[in-house]
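Colleague: I have the file open. Can you walk me through it?

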Amino acid sequence: MTRPIRIAVTGPCGQIGYSLLFRIAAGDLFGPNQPVELRMLDRNSAEQNSKLKGVMMELSDCAFPLLAEMTACPDEKTLFQDAECVFLVGARPRGPGMDRADLLTANGEIFQKQGRALDEVASRDVRVCVVGNPCNTNAYIAMKNAPSLAPHSFSALMRLDQNRAMARVAEKLNVPVKTVEQVFVWGNHSNTMYPDLRFLRTGGRRVEESAFDQEWLEQFVPNVATRGGQIIKARGASSAASAASAAIDHMRDWILGAEGKITTMAVPSDGSYGIPEGLMFGFPCMCPGEGQYQIIKDLPMTPEVKQRLVVTRDELLAEVEAVKHLLP
Ligand code: NAX
C-alpha cells in the first residue's frame, strides 16, 4: 500500500480548518489513491482542545478511506516532525484597539516559533503554504527562521485572489470558469494586490481589453481586492470554504503540477521585476510537478503595472521592517 503523506495543519478549530481538513481527508489534495496522515495543532486552551476533539470525532465519523491516521499535537515540534506538507492557517485575528503593527507583531511571533520548529524537525522536502494573515509577511518570518530549509519550501496563499479574478471574468464574459486562463495576481494579499488581465485567454484564445466595458475594467481590481470584505458583509463571517479550496489548489498544483497553466503563488522573490530577493511576493508561476515552481520571467511591463508593483512591494517592505525584531 502507498505510504501516507504526512500533512500538518494549524488552526484546525477555525472556519478554514473546518473545511480544509475534510477536503484533504476526502482525497481532494492528493487524489483518490493517496492516503494521508493529519496532524493538527490549535491554541492550547480548554475551549480549543474540546473543539479539536469534536472536529476529530467528525473526521472519524466520515469514515474516509484515505485517512490513515490523525493526531492532535501538543506542540509545534510534534506537529511538524517529518511533515511533508504544511498548512499554516492558525493566526490571531485583529482585536479591538489593535493597529496593523500590533497585528503584525502578534502574528509574527507565532510564525517565528513555527519557522524554528519546522527548521528543526520537518522533512527536508517540506512544502509550506501560509494562509494566516498577513500571510506574505508571516511566510517571510517563518522562512527566515528556518535557515536549514530551502527558501523555496515556503509560500503564501494568493490563489484565492486568482480564483476570485477568474470567477469575475467568467461571470462578465458568460463563459465557464474552467476556460479562463492566464489571469494572475501580483504582490501582497491585501488591498494593494494587482490582478493582471493583460494575458487573459478563454478557451485558448486571447481576450483583448476591448471585450470589457470601461466601468467594469475600472472596478475589476478593487472588486477582486475587496471581495473578502464583501463576503463578510453578506455572510456575516469571513471567507472560509473558498479559502480552503484555494489552499488545496495551491498545494496540489505545486506538488503534483498545474498542467501548463499559470498559477499565482506568493514565493520568495528571485529579484525578478525589481522585487528585492527573498520578499514573499505574489508572482505568476509555472508548476511542472514534484514540488517545483518557476516564477515566469520577462513579462512585458507598462508604466501603470510597474507603478502597481512598486506600491504593493513597498507595502511588503514596510511590513518586513515592522517585524525585523522577529528575524534572525
Ligand atoms: P478563525 O479565527 O476561524 O480560526 C483561526 C484558528 O487558529 C482558531 O481556531 C485559533 O484558535 C487558531 N490559532 C490561533 N493561534 C494559533 C497558533 N499559534 N497555533 C495554532 N492555532 C492557532 O479564522 P479563519 O477564518 O479560519 O482564518 C484563518 C486565517 O486565514 C486568518 O488569519 C485569516 O485572516 C486568514 N485568511 C487568509 C486568506 C488568504 O487568502 N491568504 C483568505 C481567508 C482568510 O481571511
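Modeller: We can go through the domains, the ligand site, the backbone and the salt bridges.

Modeller: This is a predicted model, where local features need pLDDT of at least 70, side-chain atom pairs count only at pLDDT 80 or more, and totals for chains, interfaces and linings use all residues. Residues are numbered from 1 along each chain as its sequence is written, and side-chain values use heavy atoms, with hydrogens and water left out.

Colleague: Ok. How is the protein divided into domains?

Modeller: Domain 1 covers 5-156 and domain 2 covers 159-321; the bounds come from an automatic or database domain assignment. Their C-alpha centres lie 23 Å apart. The contact (heavy atoms within 4.5 Å) takes 32 residues from domain 1 and 36 residues from domain 2.

Colleague: What area is buried between domain 1 and domain 2?

Modeller: About 2600 Å², with carbon and sulfur atoms giving 65% of that area. Buried area here is the accessible area (1.4 Å probe) that two parts lose on being put together, summed over both.

Colleague: Which residues of domain 1 lose the most area to domain 2?

Modeller: Gln 15, Arg 127 and Asn 136, which together make up 23% of what the domain 1 side buries. By class, the side of domain 1 that touches domain 2 has 20 nonpolar, 8 polar and 4 charged residues. Ala, Val, Leu, Ile, Met, Phe, Trp, Tyr, Cys and Pro count as nonpolar, Asp, Glu, Lys and Arg as charged, and the others, Gly among them, as polar.

Colleague: How many salt bridges across that interface?

Modeller: The rule (a side-chain nitrogen of Lys or Arg within 4 Å of a carboxyl oxygen of Asp or Glu) finds 0 salt bridges across the interface of domain 1 and domain 2. The structure as a whole holds 19 salt bridges. One of them joins Asp 161 to Arg 164, with the closest N and O atoms 3.8 Å apart. Asp 161 and Arg 164 are separated by about one helical turn because they are 3 residues apart in helix H6 (residues 159-173); helices are DSSP runs (H or I, at least four residues) and strands are runs of E (at least two), numbered from the N terminus.

Colleague: Switching to the ligand. Which residues are closest?

Modeller: Gln 15, Ile 16, Asp 42, Gln 48 and Asn 133, out of 25 that surround the ligand, counting a residue if one of its heavy atoms lies within 4 Å. A polar side-chain atom of Asp 42 lies 2.5 Å from a ligand oxygen atom. For Ile 16, a backbone N or O atom is 2.9 Å from an oxygen atom of the ligand.

Colleague: Where does Pro 134 lie?

Modeller: In the loop between E5 and H5. The peptide bond from Asn 133 to Pro 134 is cis, with omega near -5°.

Note on methods
A polar contact is a pair of N or O atoms within 3.5 Å; within protein, one must be able to donate a hydrogen and the other to accept it, and residues adjacent in sequence count only if both atoms are side-chain atoms.
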